[in-house]
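Here is a set of questions about how some labels were assigned, each with the reasoning behind the label. Have the coordinates open as you read.

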Amino acid sequence: MSIKIIDTHCHLNMAEFDKDREEIIKNSVENGVEFIIMPSTELKDFNEEQTLCKKYSVLRYLVGIHPHEAKECSNSDYDAAYEHLKDENCKGIGEIGLDYYYEHSEKKTQKEVFNNFLDIAIEKNVPVSIHSRESTEDMIDILKTKKGLKGVIHCFSGEEKLLKTGLDMGLYFGIGGVLTFKKSLLRQNINIVPIERIVFETDAPYLAPHPKRGKRNEPLYINYVIEEMSSLTKQSKDILAKSAFKNSMEIFSL
Ligand SMILES: [Zn+2]
């Protein structure tokens, strides 16, 4: 029997999947994938993902503006988010956050957009999927002001400070392909992440785990991540998968 999987962060609407999206979905469903959650990065994703959800019952989506695109965000984006949150397939806000590594949008703008979406999530009582890269100090400062926030630190890098803040706030941690990368901090620190707070994710088409590293990622590759986590933490694959499954179901009200 295959393990039950929920991919909590998969950009399945992206052009990388245009040629064989249907096949990927079918194969995923036949091999244990119960849900695939698609985060948005820009406004056009909202409608694209909504349409895909109508076609495939395994899909759900999130609405939000990625920090790279924060400079393009305007009031109509927030209005659209509110509208989409009325759709039963729309399960929350994401991906939102801060990215000071690329800094495609000014830091000030990134913080403003992030703050606004966090406030919407709290107001509507829906979960968030948070992106954080080279922005730990500001990230922690902002998160600490958001009482009542729920959701996932997506693509968790293993940083201890962020782990502590997330744990204190009741947030969860998205574990993906990075865990299988030999030099990653996540690999070193995976034993201090409580399994009661993990979910699995691909961030597909990006970040495919070893031995698929460099290839296009897809939901079933989560099996490699579970395998790796099991060998690093000495916990059975079954226990890890069950915990992540339960957590994902709860957080995203699936
Ligand atoms: Zn992503």
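Q: What makes cysteine 90 count as buried?
A: In this predicted model, cysteine 90 has a relative accessible area of 6%. Buried means under 20%, so cysteine 90 is buried.

Q: How do you know that cysteine 90 is in no disulfide?
A: The nearest cysteine sulfur belongs to cysteine 53 and is 8.4 Å away. A disulfide needs two cysteine sulfur atoms within 2.5 Å, and therefore this pair does not qualify.

Q: What about cysteine 73: how do you know that it is in no disulfide, and is it buried or exposed?
A: The sulfur of cysteine 90 is the nearest one to that of cysteine 73, at 15 Å, against a limit of 2.5 Å. By this rule the count of disulfides is zero. With a relative accessible area of 16%, cysteine 73 is buried, because the cut-off is under 20%.

Q: Which atoms coordinate the zinc ion, and what makes them donors?
A: The zinc ion is coordinated by His9 (NE2), His11 (NE2), Glu95 (OE) and Asp203 (OD), at 2.1 to 2.3 Å. Donors are N, O and S atoms within 2.8 Å of the metal, so these atoms qualify. Along the chain, the donors follow the spacing H-x1-H-x83-E-x107-D.

Q: Why is the site of the zinc ion called irregular?
A: The angles among its four donor atoms run from 87 to 174 degrees. Four donors count as tetrahedral if all angles lie between 85 and 135 degrees, so the value of 174 degrees rules that label out. The site of the zinc ion is classed as irregular. For reference, the ideal angle for four tetrahedral donors is 109.5 degrees. Water is not among the atoms, so sites may look incomplete.

Q: What makes histidine 9 and aspartate 203 a link between distant parts of the chain?
A: They are 194 residues apart. Histidine 9 is in the loop between strand E1 (5-7) and helix H1 (21-30), while aspartate 203 is in the loop between strand E8 (198-200) and helix H8 (222-233). Histidine 9 is buried at 0% relative accessibility, and aspartate 203 is buried at 9%.

Q: What is notable about the backbone in the loop between E8 and H8?
A: Aspartate 203 has a positive phi of about 65 degrees although it is not a glycine. Leucine 207, in the loop between E8 and H8, also has a positive phi, near 55 degrees. A cis peptide bond joins alanine 204 and proline 205, with omega about 10 degrees. Another zinc donor, glutamate 95, is joined to glycine 94 by a cis peptide bond with omega about -5 degrees; glutamate 95 is found in strand E4 (residues 90-99).

Q: Why is leucine 207 called partly exposed?
A: Its relative accessibility is 29%. Partly exposed covers what falls between under 20% and over 50%, so leucine 207 is partly exposed. Asparagine 223, in helix H8, is partly exposed at 30%.

Q: How do you know that the buried residues of H2 are on the same side?
A: Helix H2 (residues 43-55) has the buried residues Asp45, Phe46, Glu49, Gln50, Leu52 and Cys53. They cover an arc of only 165 degrees around the axis, so they are on the same side of H2. The face turned away from that buried side carries the exposed residues Thr51, Lys54 and Lys55. The buried residues of H2 pack against H1, strand E2 (33-38), strand E3 (59-63) and helix H3 (75-84).

Q: What makes a group of residues a nonpolar core, and which residues have the most contacts inside the largest one?
A: A core joins buried nonpolar residues through side-chain atoms within 4.5 Å. The largest has 69 residues, and Leu59, Ile93, Phe117 and Phe200 have the most contacts inside it. Helix H4 (residues 107-124) gives the most to this core, with six residues. Leucine 59 touches residues including Leu12, Ile25, Ile36, Leu52 and Cys53. A second, separate core of seven residues includes Leu62, Val199, Ile251 and Phe252.

Terms used: Residues numbered from 1 in each chain as written. Predicted model: local features only at pLDDT ≥ 70, side-chain atom pairs only at ≥ 80, totals over all residues. Heavy atoms only, no water. Buried < 20%, exposed > 50% of the residue type's maximum accessible area, 1.4 Å probe, protein only. Donors = N, O, S within 2.8 Å, 3.2 Å for Na, K, Ca; no water. Tetrahedral: all angles 85-135°; square planar, octahedral: opposite > 155°, others 65-115°. Helix = DSSP H or I, 4+ residues; strand = E, 2+ residues; numbered from the N terminus. Arc of directions from axis to C-beta. Contact = heavy atoms within 4.5 Å. Lists of a residue's contacts leave out its neighbours within four places in sequence.
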